[in-house]
Amino acid sequence: MAEVTLEQLDALTTEELRDRAFALARQKRDIKFFWDLFTHVTQSDNDTQDGWIGSLDATIDDAVALWREATGHNYGENEPLVRAAFIDYLLKNDKSPSV
């Protein structure tokens, strides 16, 4: 079976990419993916550091909830960056058959 390709992923909508990347990151318990995405897309300040990420009890679901609250799925001018992050993550981590 062939792995997913860049062309297949690029043909998906941003929301489809988000769903796939978030599902994979949840499965892998990859908090780093969520944190990297969150910090690169949002305009956070140093006060954010004292919030959920500083807690040892932070979970993937907490990160997803925070992401949804912060972005509302409206990526604006950051959509190309978000799409690239989702595609890159899926290409590097998703070993399932094609889309």
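**A starting point: arginine 29**

Select arginine 29 first; this residue is exposed, with a relative accessible area of 65%. The model on display is a predicted one. Arginine 29 sits in the loop between H2 and H3, immediately after the end of H2. Its backbone merits attention: the phi angle is positive, at about 55°, although the residue is not a glycine. Most residues other than glycine have a negative phi.

**The whole chain**

Next, display the full chain as a cartoon. Five helices and zero strands should appear, following the pattern α-α-α-α-α along the sequence. The chain has 99 residues, and 32% of them count as buried. If contacts are drawn between residues at least 6 apart in sequence, 79% of them join residues at least 24 apart.

**Helix H2**

Now select residues 14-28, which form helix H2. Its 15 residues reach 21 Å from the first C-alpha to the last, close to the 21 Å expected at 1.5 Å a residue. Which residues of H2 are buried? They are Thr14, Leu17, Arg18, Ala21, Phe22, Leu24 and Ala25. Turn the view to look down the axis of H2: the buried residues fall within an arc of 165°, so they line one face of the helix.

Two members of this buried set deserve a separate selection.

- Threonine 14 belongs to helix H2. It is buried, with a relative accessible area of 5%. Leaving aside residues up to four places away in sequence, threonine 14 touches Tyr75, Glu79, Val82, Arg83 and Phe86.
- Phenylalanine 22 also lies in helix H2. This residue counts as buried because its relative accessibility is 1%, and buried means under 20%. Add tyrosine 89 to the selection: the two residues are 67 apart along the chain, and their C-alpha atoms are separated by 9.7 Å.

**Helix H5**

Tyrosine 89 leads to the next stop, as it is one of the buried residues of H5. Select residues 79-93 to show this helix. At 1.5 Å a residue, the 15 residues of H5 should span 21 Å, and the end C-alpha atoms are 21 Å apart, which agrees. The buried residues here are Val82, Arg83, Phe86, Ile87, Tyr89 and Leu90. They cover an arc of only 160° around the axis, which puts them on the same side of H5. What is found on the other side of H5? Pro80 and Lys92 are there, and both are exposed. Three of the names in the buried set, Val82, Arg83 and Phe86, are also among the residues that threonine 14 touches.

**The largest pocket**

For the last stop, show the surface and look for the largest pocket, which holds about 250 Å³ of space. To locate its centre, select Phe33, Asp36, Ala85, Asp88 and Tyr89, which lie nearest to it among the 12 lining residues. Helix H3 (31-41) and helix H5 (79-93) are the elements that give two or more residues to this lining. Which of the elements gives the most? It is H5, with six residues. Colouring the lining by character shows five nonpolar, two polar and five charged residues.

To close the tour, keep Tyr89 selected: this residue is buried in H5, and it is one of the residues nearest the centre of the largest pocket.

Key:
Residues numbered from 1 in each chain as written. Predicted model: local features only at pLDDT ≥ 70, side-chain atom pairs only at ≥ 80, totals over all residues. Heavy atoms only, no water. Helix = DSSP H or I, 4+ residues; strand = E, 2+ residues; numbered from the N terminus. Expected span 1.5 Å × (residues − 1). Buried < 20%, exposed > 50% of the residue type's maximum accessible area, 1.4 Å probe, protein only. Arc of directions from axis to C-beta. Contact = heavy atoms within 4.5 Å. 1 Å grid on protein atoms, 1.4 Å probe; cavity = no way out; pocket = protein on both sides within 12 Å on 5 of 7 lines; lining within 4 Å. Points joined across faces, edges and corners; volume = space filled by probe spheres on them. Nonpolar A, V, L, I, M, F, W, Y, C, P; charged D, E, K, R; others polar.
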